[in-house]
Amino acid sequence: MKFAGSHILSVSQFERADVEHVFSVADRMRPFAERERMTKALDGAILGSMFFEPSTRTRVSFGSAFNLLGGEVRETTGFEHSAIAKGESLYDTARVLSGYSDVIVMRHPESGSVAEFAAASRVPVINGGDGSNEHPSQALLDLYTIRKEREHQGGEVDGLRIALVGDLRYGRTVHSLCQLLAVYEGLHILLVSPVELRMPESIIEYLRERGHTVLESDQLEASIKQVDIVYSTRLQEERFASSQEADLYRGRFRLNQSVYTEHCQPNTVIMHPLPRDSRANARELDVDLNDNPNLAIFRQTDNGVLVRMALFALILDVVDLVDTESRPVQWFTARRFK
Ligand code: NCD
């Protein structure tokens with residue numbers, strides 16, 4: 001695919017070679033994310049960051065990634081602070097805001113809204129999550145993490161056995177991740193959810209058409225015995241008609257250290273897009289797993305910066321400038337990736 005000047009709206013844009021290309025650029029971003037070197041590759045560039053749904057890590061890591069490349073960030077958060085609250089259309093908003101930035105990241109509660117916005121934008125737009133539809137940058141950082149974890153264990157992504165657990169109906173991260181994983185070969189995918197919150201049939205069919213094995217279950221323990229990765233998710237409460245309806249499913253699947261010890265193989269990697277719901281009635285991923293070395297959730301969040309830097313460098317066509325415009329940092333830096 002052509003990256004320079006392109007929107008990133010869906011994982012369906014990526015073939016395997018494109019994914020590998022993003023990851024090789026992400027690897028080159030590590031000295032900058034680790035604060036060993038700084039770069040001015042995007043000096044003067046402006047990111048328009050528009051989040052019309054709650055977000056912590058996606059919003060901040062996109063902003064940090066842009067800053068780390070030397071660019072500046074302008075933020076709009078919440079409908080109540082934007083002219084959308086006055087009835088402005090996505091078309092007009094896109095026409096206006098694309099005049100103020102070089103690239104835009106947008107999150108919006110409606111499926112398809114970011115693509116609609118992008119169609120009217122004069123600059124590239126990255127989908128930071130559109131309703132329950134897609135979250136392509138999350139899928140890329142998840143896959144990048146899966147690759148790193150597998151490499152660490154001497155394995156690869158082809159032939160991976162992965163259980164995706166939780167709200168597979170509304171979870172956009174698992175929708176995007178499944179479709180992106182499909183570019184690899186011979187995967188065994190276990191979809192663990194309440195029957196009412198199953199993965200959309202179209203995604204299951206897509207995986208099977210590409211030759212992958214897909215099994216569905218509503219039992220956690222039996223499904224995590226033979227997998228390399230358990231990818232847990234939060235109940236997408238905001239997509240339910242009421243919190244009473246969400247209560248029917250809350251806390252249904254709980255992975256904690258004792259469940260892990262009893263049912264998982266010793267090196268099974270634990271992932272979650274975060275935020276995990278740590279309230280007593282949910283706890284899909286218990287805090288007692290925090291010292292488990294196979295808990296990869298904070299490696300995922302660190303990797304998010306690398307992958308998002310790579311996307312900006314590719315879209316704005318400065319991959320080689322990142323090194324040539326760089327120098328060592330001169331302040332004390334404590335933060336180190338693991
Ligand atoms: C996810 C999202 O917004 O879809 N969060 C994220 O971006 N890491 C998952 C979630 O909110 O449950």
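A residue counts as near the ligand if one of its heavy atoms lies within 4 Å of it. The model is predicted.

**Exercise 1. The ligand shell**

List the residues around the ligand, then sort them by class.

Solution.
- Step 1: Apply the 4 Å cut-off. The shell holds Arg57, Thr58, Arg107, His135, Gln138, Arg172, Thr173, Arg234, Gln236, Pro273, Leu274 and Pro275.
- Step 2: Sort by class. Three of the shell residues are nonpolar, five are polar and four are charged.
- Step 3: Assign elements. Helix H3 (57-68) and helix H7 are the elements that give two or more residues to the shell.

**Exercise 2. Contacts and cover**

Which atoms of the ligand pair with Arg107, Gln236 and Pro273, and at what distances?

Solution.
- Step 1: Take Arg107. An N or O atom of its side chain lies 3.0 Å from an oxygen atom of the ligand.
- Step 2: Take Gln236. Its side chain places a polar atom 2.8 Å from a ligand oxygen.
- Step 3: Take Pro273. Here a polar backbone atom is 3.0 Å from a nitrogen atom of the ligand.
- Step 4: Check the cover. The ligand taken alone exposes 320 Å², and the protein buries 94% of that.
- Step 5: Locate the site. The ligand sits in the largest pocket.

**Exercise 3. Helix H7**

How many residues of H7 are buried, and which are they?

Solution.
- Step 1: Fix the range. H7 runs over residues 172-181.
- Step 2: Count. Nine of its 10 residues are buried, so the helix is mostly covered under the 20% cut-off for relative accessible area.
- Step 3: Name them. The buried set is Arg172, Thr173, Val174, His175, Ser176, Leu177, Cys178, Leu180 and Leu181.
- Step 4: Cross-check with the shell. Arg172 and Thr173 are also among the residues around the ligand.

**Exercise 4. Ser61**

Is Ser61 buried or exposed, and which side chain does its own side chain contact?

Solution.
- Step 1: Place the residue. Ser61 belongs to helix H3.
- Step 2: Read the accessibility. Ser61 is buried because its relative accessible area is 8%.
- Step 3: Find the partner. The side chains of Ser61 and Arg308 are joined by a polar contact of 2.6 Å.

**Exercise 5. Backbone geometry between E10 and H12**

Which peptide bond is cis, and which non-glycine residues have a positive phi?

Solution.
- Step 1: Set the frame. The loop lies between strand E10 (269-271) and helix H12 (297-315). Leu274 is in this loop. Pro275 lies there too, and so does Arg283.
- Step 2: Check omega. The bond joining Leu274 and Pro275 is cis, with omega about 0°.
- Step 3: Check phi. Leu274 is not a glycine, yet its phi is positive, about 65°. Arg283 is not a glycine either, and its phi is about 50°.
- Step 4: Add the accessibility. Leu274 counts as buried because its relative accessibility is 11%. Arg283 reaches 33%, so it counts as partly exposed.
- Step 5: Link back to the site. Leu274 and Pro275 are among the residues around the ligand.

**Exercise 6. Asn281**

Where is Asn281, and how far is its C-alpha atom from that of Ala313?

Solution.
- Step 1: Place the residue. Asn281 is in the loop between E10 and H12.
- Step 2: Classify it. Asn281 has a relative accessible area of 42%, so it is partly exposed.
- Step 3: Take the separation. Asn281 and Ala313 are 32 residues apart along the chain, and their C-alpha atoms are 42 Å apart.

Terms used: Residues are numbered from 1 along each chain as its sequence is written. This is a predicted model: local features need pLDDT of at least 70, side-chain atom pairs count only at pLDDT 80 or more; totals for chains, interfaces and linings use all residues. Side-chain values use heavy atoms; hydrogens and water are left out. Buried means under 20% relative accessible area, exposed over 50%, partly exposed in between (1.4 Å probe, protein chains only). Helices (H or I, at least four residues) and strands (E, at least two) are DSSP runs, numbered from the N terminus. A polar contact is a pair of N or O atoms within 3.5 Å; within protein, one must be able to donate a hydrogen and the other to accept it, and residues adjacent in sequence count only if both atoms are side-chain atoms. Accessible areas come from the Shrake-Rupley method with a 1.4 Å probe; for residues, only the protein chains shown count as cover. On a 1 Å grid over the protein atoms alone, a cavity is a set of points where a 1.4 Å probe fits but cannot get out, and a pocket is an open set with protein on both sides within 12 Å along at least five of seven lines; lining residues have an atom within 4 Å of a point. A molecule sits in a cavity or pocket if more than half of its atoms lie within 2 Å of its grid points. Ala, Val, Leu, Ile, Met, Phe, Trp, Tyr, Cys and Pro count as nonpolar, Asp, Glu, Lys and Arg as charged, and the others, Gly among them, as polar.
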